[in-house]
Amino acid sequence: MEATDGQLGAVFIHGFGSSSSVWDPFLDLIQSDADLGFVTPLPFDYATSLISLNPLRRIPTFETIADDLKGFLDTEGEDFRDLALVSHSQGGLVIQRYLARMLADGRGRELSRIRRIVMFACPNAGSDFGKALRRGLPFNPQEQQLRSFNQPVADTQRIVVTRIDHATEITDSKCPIPITVYAGTQDNIVTPASAHGVFKDVGALPGDHSSIVRPDTHRHRSYTALKRLLKKAAEERPPPVDTLETVGAARLEVHPSVLPGESQSPNHLTPYLSRDHDAELHQILAPAIHNGASVLVILTGESSTGKTRSLYEALRELAPRNPLLRPHTAEDLLEYIGKGLVRPATVLWLNEAQRYFDGANGEKTAAELRALLEQQPGVAAVATMWTDPHWRTLTAQGVPGDPHGQARALLTGPSTRRIHVAAELSEQDIDRWAVLAQAQSEDHRLFNALVAGVRDGRVIQQLSGGPELLTAYLDGPGAFFTHGEHALITASLDARRFGHLTPIPAGLLAEAADGALAHHRHSPDPDWAEEALHALSTGTRTDGSRTDIRNTLTALTALRSRSGAAATYDPAEYLDQHIRALHADRRGSPSLWAALRTHTTEPDDLGRLFMTAKALGMRKQAVHIGCRVVLAGPSLAPAHIVGLLTGLVDPHEHGSTWIAAHADLTDGYCTARLLESLLEGGKEQALTILLNRDLVSKVDFTTSHSRRLLYVLQQAGANQVAVAAGNRIAAEADLTNPFDVGWLLKSLHELGAEEAVATLLNRDPVAQVDLTNPNDVAELLTALHEVGAQQAVTALLDRDPVAHANLTDPFHSSTLLRALQAADATQAVDALALRAATEADLSNTSDIAWLLKLLHKLDAEEAMATLINRDPVAQVDLTNPKDVAELLTTLHEVGAQQAVTALLDRDPVAHANLTDPFYSSTLLRALARVGAAKAFATAARRCAAEADLTVDRMFVTALVDVLRAAGVDQAVDVVSRRLQDPTRTALEPYDPCPYGREADGRDAMPWTWSDIPVPDHGATA
């Protein structure tokens, strides 16, 4: 424990197709940085690859990796009070899935030790890089979720943004954690828009997708950014020990209440009603908390009378930030006392105190605690205990051998104060409870508890019972619940878990449960399900036996829209919450899915069920349900269904054409995604039907996604429709983003939509755009020049974009330079060139090379000299052959021979990672061009031996061509022999289940669109 005392555990999570070694540059720098001596790096590894060739192994899903990460944090991170999570690429999605699953399990408070999250180049909105190649690979659950607009990723991100990034309090379902996301300025794999997502704290760092996490010095921007955030995490750390605030209610066994009649109970605690014993408790505790005489306050009474909650509320008011010790066993308590950890101002939490004083070490523990309380001031020990049997047993006198003499001496001695908690509320308490309940307009738990318990005053007992219900269910069929009852509960829980969030019809539950029962369990009574549902929702069977917990909590709640209406059912929230995690890997029974198809009517339920079936690989089920979603209103389901309708199952495009004819076109984004799916799938008939449906009159163009539809219409060759859409967009588009305005102007001009161009220009976008991003300004300037809007060009230049631009990104500066040159803005070019040379971030070598070339082309000698004198050679990452090659070639081209020599003197060949054959061939060509013969020969030998030859054959060919052209025959022979190695395995795409899966997990039997019973327009309504 001392080894991690005061340390911040920094957990590093790598990305797709990578490993923890990607973090080596960061870890080496941290280890040599005295300022970060408080950081302990914890690299986390998981399995990830494009394809698995071992039939005994599978590529894990995000859910599996998230659970693996949880186990890692629980073991390797166990001794760290404070953690920071750092990710690259896909690793950020893994972190988000872990956070969402923890919140779904009601474990938000356990996340509070995560002080900060940093994500480098995380594909929050997916990545389309290499999409065509990726689609040809076998099914890969990780690659699937890296695609653009993946629904599970979007749903997860929505949870993380609302319940983590924007949270303001720690509860079971929320936990505020600062999240910072960075995009790579040159990243063509994950764009800045995707990397930033919708998080609050975003930024950009020099580098592409790989180099952004490969800092080579302590001054590298990626390293300084992470260092700053790790230091902030340390500065914001909570006190060095637990407190009531950091631990939270759940870990003190104070749980949210679950009641019958509540279809969705809130996860937070109910408002608290203070009673007579609470006033006495406060009066006794206050002196000890303020360094008076130590005391043990023990609340006794029956089970479920609010004893633990009473202690929690008292400490929340009197000592929320005092050090809090929570021993789990008598041995733990003895250790705390023996090590002197129970100091003044400490709160000692002893819920269910018999655990400490009754047992092998009970007497010793009681004696040690009594001595401590008598000798040391300022300790507030709080405890609970049932009166019967525990209090009576531990304080009884005259028992042979006096087995609990020390416990009795403690519990009845002068340092202990016992307070009895009544099982029933008094009449005055009930009146005050009613007032409190009326004030809770959205939380009905207090009111329902009052209604259930007002007759005998046992109101508080109604607020508990969930754990017992869970145990009764987990005991299985034939124990507490009959086989039929258990099947009905399971059906309700699975239906809810898969997305049926509205109350569940009796017919659905009956059909699903009956199909799941073994044949010999089928009842001869045709009304068996009705009777069982009545028993499960009322708590009483026809024979008088009970199905509820404590005559209060039922497994199902019956709901009716009006008197006499058929009942629908909700599972108990406590069961739903806990079974979700336990049954996360279960697909549900075939009879459940058949019943869901038949009985589900709500559009939102159908949409969620469709996405669940799709995610589980149940393609036929997904298409079957998805057809009903198509008729229910705008959604992404039509686009997803088209993706499921491969040539095997829809050879004549009947399914795609039906979807094109029936999809709701109101939402521009959903319509654009449907068009894209049809284009990607080559569904020409369906595309024609969709384009003939008068999109322009149906789509709502006020949303920010309308420009995507215009782009897709252009890709589809529907210019006439695109022009009509462009006219509407030009009149309604937001004009603050110069890149969007420029892109729109170009698109409209290319379409020949001059009327729309004029409409857009008449709205004076130049006066409204933000000038800080030079790349965005360049896009607008270029667009204005291309459409001949010279007056607008002049107006934009008059706003002096050079003075406003952030020029740290050399590539963005280059883009604006070219745009200004094209606009003949000579003075602006000269001013920008010198500023860019002075302010550009030198750590992005590739972009610095690009800027140097442009300055040379512009004859900007002063700016070029300024940039070279800043010594970009010293900044280049020598492990990256691409960056070295680009800088070496550029320096040679601009005549900076002294800088070329300086770069070669750093011996880049000795440092370069030459596993990539394409980048290796680039370095070889650069070395040959500058005449570095010795370095070329060394690099050639290394490339031949080290290049990865399993990549795309054209990259290998590029390497061989360079070696052959240079006459390095020995290196060519080495590559040739390696290519003929019989151990190299060809990767052939193979889909193990082209028709999807059945509900039981088996490969689905062949099916086609003709097997889908297509609904009519009234089916969903």
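## A walk through the salt bridges, a small sheet and the cavities

The side chains of arginine 835 and glutamate 839 come together in a salt bridge, with 2.9 Å from N to O. Keep in mind as you look at this pair that the model is predicted. Why might these two side chains be placed to meet? Both belong to helix H40 (residues 826–839), and because they are four residues apart there, about one helical turn separates them. An α-helix has 3.6 residues a turn, so residues three or four places apart point the same way. Side chains of opposite charge can then pair when their charged atoms come close. As for their surroundings, glutamate 839 has a relative accessible area of 33% and is partly exposed. Arginine 835 is also partly exposed, at 22% relative accessibility, because the partly exposed class runs between 20% and 50%.

Let us look at some other charged groups. The structure holds 27 salt bridges, and one of them joins arginine 309 to glutamate 313, where the closest N and O atoms are 2.7 Å apart. These two residues sit in helix H11 (residues 307–318), four residues apart, or about one turn of the helix. Arginine 309 and glutamate 313 are both buried.

Helix H29 (residues 668–680) offers a further pair, arginine 673 and glutamate 676, set three residues apart, again about one turn of the helix. Their salt bridge has its closest N and O atoms 3.3 Å apart, and both arginine 673 and glutamate 676 are buried. Elsewhere, salt bridges link Asp33, Asp35 and Lys227 into a network.

Another charged residue to visit is lysine 746, in helix H34 (residues 738–751). Is lysine 746 buried or exposed? Its relative accessibility is 18%, so lysine 746 counts as buried, the cut-off for that class being under 20%. Setting aside neighbours within four places in sequence, lysine 746 has contacts with Glu779, Thr782, Ala783 and Glu786.

Now turn to a sheet. Three strands make up an open, antiparallel sheet, in the order E12-E14-E13. Strands E12 (504–505) and E13 (556–559) are at its edges, each pairing on one side only. Strand E14 (residues 568–571) runs antiparallel to E13, and four bridges join the two. If you would like one bridge to find on screen, leucine 559 has threonine 568 in E14 as its partner. Helix H22 (residues 528–538) packs on this sheet, where it touches E13 and E14, and its direction makes about 105° with that of E13.

Which residues of H22 are buried? They are Trp528, Ala529, Ala532, Leu533, Ala535, Leu536 and Ser537. The cover over these buried residues includes the strands E13 and E14 as well as helix H20 (483–498) and helix H21 (506–516). Just after H22 comes glycine 539, with a positive phi of about 95°.

Finally, consider the empty space inside. Rolling a probe the size of a water molecule over the atoms shows where empty space is left. How many cavities of 30 Å³ or more does a search of the whole structure find? There are four, and the volume of the largest cavity is about 90 Å³. A total of 14 residues line the largest cavity, and Ser211, His220, Ser843, Asp877 and Asp883 are the ones nearest its centre.

Note on methods. Residues numbered from 1 in each chain as written. Predicted model: local features only at pLDDT ≥ 70, side-chain atom pairs only at ≥ 80, totals over all residues. Heavy atoms only, no water. Pairing = 2+ DSSP bridges. Contact = heavy atoms within 4.5 Å. Axes fitted to C-alpha atoms, helices over the stretch in contact; angles between N-to-C directions. Salt bridge = Lys/Arg side-chain N within 4 Å of Asp/Glu carboxyl O. Buried < 20%, exposed > 50% of the residue type's maximum accessible area, 1.4 Å probe, protein only. 1 Å grid on protein atoms, 1.4 Å probe; cavity = no way out; pocket = protein on both sides within 12 Å on 5 of 7 lines; lining within 4 Å. Points joined across faces, edges and corners; volume = space filled by probe spheres on them.
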